[in-house]
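Dear colleague,

I am handing over the structure below, together with an account of what was found in it. Please read the notes with the coordinates open beside them.

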Amino acid sequence: MRLSAQQARHDAVEVITAKRERQELSDSQIDWVIDAYTRGDVADEQMSALAMAILLNGMERREISRWTSAMIASGERMDFSGLSRPTADKHSTGGVGDKITLPLAPLVAACGVAVPQLSGRGLGHTGGTLDKLESIPGWRAALSNDEMMAQLESVGAVICAAGDGLAPADKKLYALRDVTGTVEAIPLIASSIMSKKIAEGTGALVLDVKVGTGAFMKDVARARELADTMVALGKDAGVHTVALLTDMSTPLGLTAGNALEVAESVEVLAGGGPADVVELTLALAREMLLGAGVDDVDPADRLADGSAMDVWREMVRAQDGDPDAALPTARETHVVTAPSSGVLTRLDAMAVGLAAWRLGAGRARKEDPVQAGAGVVWHARPGDRVAEGAPLLTLHTDEPERFERALASLEGGYDVEETAYTPRDLVIDRIG
Ligand code: URA
C-alpha cells in the first residue's frame, strides 16, 4: 500500500516510543510503519526495537488486525473465485514428523474441494513441506500463478512455493525477528501466518496449532491464545477459520526426514500408515470440508477407495515428479536398541526432531542444502511394548560423521519402563 504524503505523518521513533510506553498504536501509525519498513524508509534497527516493544507489551485485537491488513496490503492477493470448486487450506505451526499436508491435500481434493497450499522450506528441527516433496525425482516447487490456477482446476490440489509477491512485509519482518529474539510474540506470529494465508485467497482455513516439546508453543495456554488470535483474524477477513490444538510432545507417525516422510504419506494414501497420521489427516480433512461447505462426503471413504491416491499421483505428475520412481535412501544407517524390556512411555518430539536435523534432514541457514534420505525411523510408538536389544530407532544419513551428534540429541529422549501407559489425546481442542 502506498501512502500519500499527507498520510506519511509519522516517524519511527514516535511509533516505537508509543509501544514502549504501552500505548495502543493507531491505524495510521500501523499502516505507516509497515509501508515505510517494506520500502526501506524504516531501518531494520528501528523495526527490531518496535518488534521487541510488541513482544514485551503486546497488542490489542484491533492493532493485530490492522497490522495483519497492512502486511497483506504490502503485496499481491490471489483470487480463486473463478474456480469451479470451493477452496480450503491448512496451516500447521510446525511439528516433528508432521507430513500431514502430503496426504491431506490430495484427500481433500478427492472430496471435491480445491486445495491451494503455498508452502515453505524448513528451517530448524521441524522440516518443510517443499523439502519433503523435493525428494521425489523431478518434482518442481516453483509454479507461476497461471500454472497454479490451471492445476487447481484440473487436479484440485497444488502444493508449491509461495512467490515473493505475497505479504513482502512479512518476509522482511520474519527474517528480522529470527535474528532479534522476537519470533515468540503472539501478535507477530499470528499476523505473520494469517497475512500470508489471507493474501493467498483461500475460502476456508484450518489451523493445526501444535502443543508440546517439539512445537513452537510448549504449553496449552499459549497455544490457545495463538489459536484464538488467528481464528479471530481469519474471521475478520471473511475466511472461514477453525483451529485444532494437537499434541506435539511425541513425533507424528514413525518417520522424520524428507523422503522417509513421503514414503509414509504414500502408505497413508494407500489405505495403511500409522494410526495417528491417519487420525489427524482425517480430522483436518473433515474440518476443511466443513469450512468449504461440503458435508456429504466422508474423507475416510476417499482414502479407502483409492481416489485420494489417484489425486496424489496426478498432483506429483503435474509438477514434473514421477510418482513411481524410487525415493532416495541414505547411504548409512545406525540402529539404536531398546535399553530394557518394557513399555515405551515417552519418545520426545524435540529429541527426534533435533536428531533428524543433525543427520542432515534440515538446515541451519536458509541457503543450506538438505539430504533427501536423511532422518529417523522409530520402530515403536509410546504405549508399545519393546524387548531389550530390539531396534528402537534407526538413524539415516549420507555422512556417518553426523551420527555422534544425532545420538547425543537422543540421550534422555525416551523412556522404557514396566508401568501402565496413559495415552494422550492427539486432538486436544477445537477453536472456531
Ligand atoms: N510461521 C510464520 O509464518 N510466521 C511466524 O511468525 C512463525 C511461524
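**Domains and overall shape**

The protein is divided into domain 1 (5-58), domain 2 (88-318) and domain 3 (332-417), and I should say at once that this is a predicted model. Between domain 1 and domain 3, the C-alpha centres are separated by 44 Å. The secondary structure amounts to 16 helices and 13 strands. The radius of gyration is 22 Å, close to the 22 Å that the globule rule gives for 432 residues, so the protein is as compact as a globular protein of that length. When the C-alpha trace is laid along its principal axes, the protein spans about 70 × 45 × 40 Å.

Two further totals may be useful to you when you look at the packing. Of the 432 residues, 55% are buried, and among contacts with a separation of 6 or more, 80% are between residues 24 or more positions apart.

**The second largest pocket**

The volume of the second largest pocket is about 430 Å³. Its lining is made up of 21 residues, of which Asp247, Thr250, Arg381, Tyr421 and Arg424 are the closest to the centre of the pocket. Sorted by class, this lining holds eight nonpolar, five polar and eight charged residues. Domain 2 (88-318) and domain 3 (332-417) each contribute at least three residues to the lining of the second largest pocket, while helix 12 (275-291) and strand 8 (342-347) each supply at least two.

Strand 8 is also where leucine 344 is placed. Is leucine 344 buried or exposed? With a relative accessibility of 1%, leucine 344 falls under the 20% cut-off and therefore counts as buried. Setting aside neighbours within four places in sequence, leucine 344 is in contact with Ala380, Arg381, Pro382, Gly383, Asp384, Leu392, Tyr414, Asp415, Val416 and Tyr421. Two of these contacts, Arg381 and Tyr421, are also listed among the residues closest to the centre of the second largest pocket. Glycine 383 is 39 residues from leucine 344 in sequence, yet the C-alpha to C-alpha distance for this pair is 5.6 Å.

**The largest cavity**

As for enclosed space, the structure holds two cavities of 30 Å³ or more. The largest cavity contains about 110 Å³ of space, and of the 16 residues that line the largest cavity, those closest to its centre are His125, Thr126, Gly127, Gly257 and Ala356. Which helix gives the most to the lining of the largest cavity? It is helix 15, with four residues; helix 11 (258-269) and helix 15 (349-361) each supply at least two. By class, the lining of the largest cavity divides into five nonpolar, nine polar and two charged residues. At least three residues of the lining of the largest cavity come from each of domain 2 (88-318) and domain 3 (332-417).

**Helix 5 and two buried residues in other helices**

In helix 5 (residues 101-110), 10 of the 10 residues are buried, so this helix is largely enclosed by the rest of the structure. The buried residues of helix 5 include Thr101, Leu102, Pro103, Leu104 and Pro106. After helix 5 comes glycine 112, which has a positive phi, near 100°.

Serine 195 is found in helix 9 (residues 186-200) and is buried, with a relative accessible area of 0%. Not counting residues up to four places away in sequence, serine 195 touches Thr68, Met71, Ile72, Ala167 and Asp170.

Phenylalanine 403 has its place in helix 16 (residues 403-410) and, at 10% relative accessibility, counts as buried. Apart from its neighbours within four places in sequence, phenylalanine 403 is in contact with Glu332, Thr333, His334, Leu359, Leu395 and Thr397. By contrast with those contacts, phenylalanine 403 and aspartate 41 lie 47 Å apart in space, C-alpha to C-alpha, with their positions 362 residues apart in sequence.

With kind regards

Definitions and conventions
Residues numbered from 1 in each chain as written. Predicted model: local features only at pLDDT ≥ 70, side-chain atom pairs only at ≥ 80, totals over all residues. Heavy atoms only, no water. 1 Å grid on protein atoms, 1.4 Å probe; cavity = no way out; pocket = protein on both sides within 12 Å on 5 of 7 lines; lining within 4 Å. Points joined across faces, edges and corners; volume = space filled by probe spheres on them. Nonpolar A, V, L, I, M, F, W, Y, C, P; charged D, E, K, R; others polar. Domains from an automatic or database assignment. Rg over C-alpha atoms; globule rule 2.2 N^0.38 Å. Buried < 20%, exposed > 50% of the residue type's maximum accessible area, 1.4 Å probe, protein only. Contact = heavy atoms within 4.5 Å.
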